[in-house]
Every structure is written in C-alpha cells, then in structure tokens.
Amino acid sequence: MTDRTPGIEVRWLRWEDASEAILELRRRVYVEEQGFEMDVVASPRDASALHLGALVDGTLVATITAYVYESGAPELAQFELPVIEGLTMQVGKRMELAAHRGNGITEVLLAGLLEGAAMLLACFIAFAIAG
C-alpha cells in the first residue's frame with residue numbers, strides 16, 4: 001500500500017465468491033453517485049474477468065476489472081484496434097466509494113492488476129515455449 005492507503009487490504013476476487021459485493025459497489029458508484037443506468041453495472045464477461053479489490057475492515061471499497069480477449073475475439077471490433085496475435089486486455093470498471101477517493105487506492109489496484117497481468121503473460125509465454 002501507500003502512505004495514503006493505510007489499513008487497505010488488496011486481494012484478487014473470485015467472481016463466484018465476490019460477485020454480489022462487486023455488483024453492489026458498482027451500483028452504488030455508477031448508478032447512485034454518478035447517475036448512470038443499471039446496464040453499465042454488469043458485463044456478460046464478468047465471470048471470466050480478473051477482479052482486484054480493496055477492502056477496509058472486510059468491506060469492499062474499490063475494485064478494478066480486466067477483461068481478457070483471445071486474438072480475433074468479436075468483442076474487440078468495437079474498439080477498432082489493429083488485429084494482433086495473442087491476448088488483449090481491456091481494463092475497466094475501476095471505481096472506489098466516494099469516501100475513499102483521493103487516497104490513491106485505485107492507482108494501487110491498477111498497478112497490482114498490471115503486475116498480475118505481466119506475471120500471467122510470463123507464465124503463458126513459458127508454457128508456450130515449453131509446449
């Protein structure tokens with residue numbers, strides 16, 4: 001953590017275990033605080049996504065989500081990116097409760113997510129080479 005984020009526990013969240021808490025946090029931030037419609041709260045890809053969360057006293061106060069796509073996945077067409085071989089990661093749904101903003105929590109989550117993604121990529125490459 002950082003000096004601005006004492007008492008924050010950062011951990012990977014399994015959708016099967018944490019989906020209700022993640023969706024409730026998104027609903028509070030997106031719908032109640034920011035006025036978005038409910039359709040932005042959930043993604044059909046949430047169950048297969050990577051979720052990193054920040055907890056205070058066991059309560060989820062911030063999350064970041066990454067959606068991983070195989071090369072040529074139809075969902076990538078909307079981004080109009082050049083087609084590449086390999087995986088593409090879309091980082092999204094980065095949020096924190098208003099009471100915890102300004103303390104660098106989501107920056108810590110983003111750094112952790114990117115570090116985790118780099119480790120996964122290294123494992124993927126090692127597996128492909130050994131394969």
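## The second largest pocket

Let's start with a pocket: the second largest one holds about 170 Å³ of space. Keep in mind that the model you're looking at is a predicted one.

Which residues line this second largest pocket? Going along the chain, you'll meet Gly72, Ala73, Leu76 and Ala77, then Glu80, Leu81, Pro82, Val83 and Ile84, and finally Thr88. Sorted by class, that lining comes out as seven nonpolar residues, two polar ones and one charged one.

## The largest pocket

Now for the largest pocket, where the space comes to about 240 Å³. Ten residues line it, and those nearest its centre are Val68, Leu87, Ala117, Leu120 and Leu121.

Which helix gives the largest share of this lining? That's helix 2, with five residues. Helix 2 runs over 105–130, and together with strand 4 (88–96) it belongs to the elements that each supply at least two lining residues. As for the classes, the lining of the largest pocket has nine nonpolar residues and one polar residue, with no charged ones.

## A closer look at Val68

Val68, one of the residues nearest the centre of the largest pocket, sits in strand 3, which spans residues 59–69. Is Val68 buried or partly exposed? With a relative accessible area of 31%, Val68 is partly exposed, because that value falls between the 20% limit for buried and the 50% limit for exposed.

What does Val68 touch, once you leave out residues up to four places away in sequence? Its contacts are Arg45, Leu50, Leu87, Thr88 and Met89. Two of those names turn up in the pockets too: Leu87 is among the residues nearest the centre of the largest pocket, and Thr88 helps line the second largest pocket.

You can also use Val68 to get a feel for distances. From Val68 to Glu80 is twelve residues in sequence and 16 Å in space, going from C-alpha to C-alpha. Glu80 is itself part of the lining of the second largest pocket.

## One aromatic pair

How many aromatic pairs does a search of the whole structure find? Just one. The partners are Tyr30 and Phe36, with ring centres 6.0 Å apart and ring planes at 80 degrees, so the pair counts as edge-to-face. The cut-off for that label is an angle over 60 degrees.

How accessible are the two partners? Tyr30 has a relative accessibility of 13%, so it counts as buried. Phe36 has a relative accessible area of 43%, and is therefore partly exposed.

Definitions and conventions: Residues are numbered from 1 along each chain as its sequence is written. This is a predicted model: local features need pLDDT of at least 70, side-chain atom pairs count only at pLDDT 80 or more; totals for chains, interfaces and linings use all residues. Side-chain values use heavy atoms; hydrogens and water are left out. On a 1 Å grid over the protein atoms alone, a cavity is a set of points where a 1.4 Å probe fits but cannot get out, and a pocket is an open set with protein on both sides within 12 Å along at least five of seven lines; lining residues have an atom within 4 Å of a point. Grid points are joined across faces, edges and corners, and a volume is the space filled by probe spheres set on the points. Helices (H or I, at least four residues) and strands (E, at least two) are DSSP runs, numbered from the N terminus. Ala, Val, Leu, Ile, Met, Phe, Trp, Tyr, Cys and Pro count as nonpolar, Asp, Glu, Lys and Arg as charged, and the others, Gly among them, as polar. Rings of Phe, Tyr and Trp (its six-membered ring) pair if their centres lie within 6.5 Å; planes under 30 degrees apart count as stacked, over 60 as edge-to-face and the rest as tilted. Buried means under 20% relative accessible area, exposed over 50%, partly exposed in between (1.4 Å probe, protein chains only). Contact means heavy atoms within 4.5 Å.
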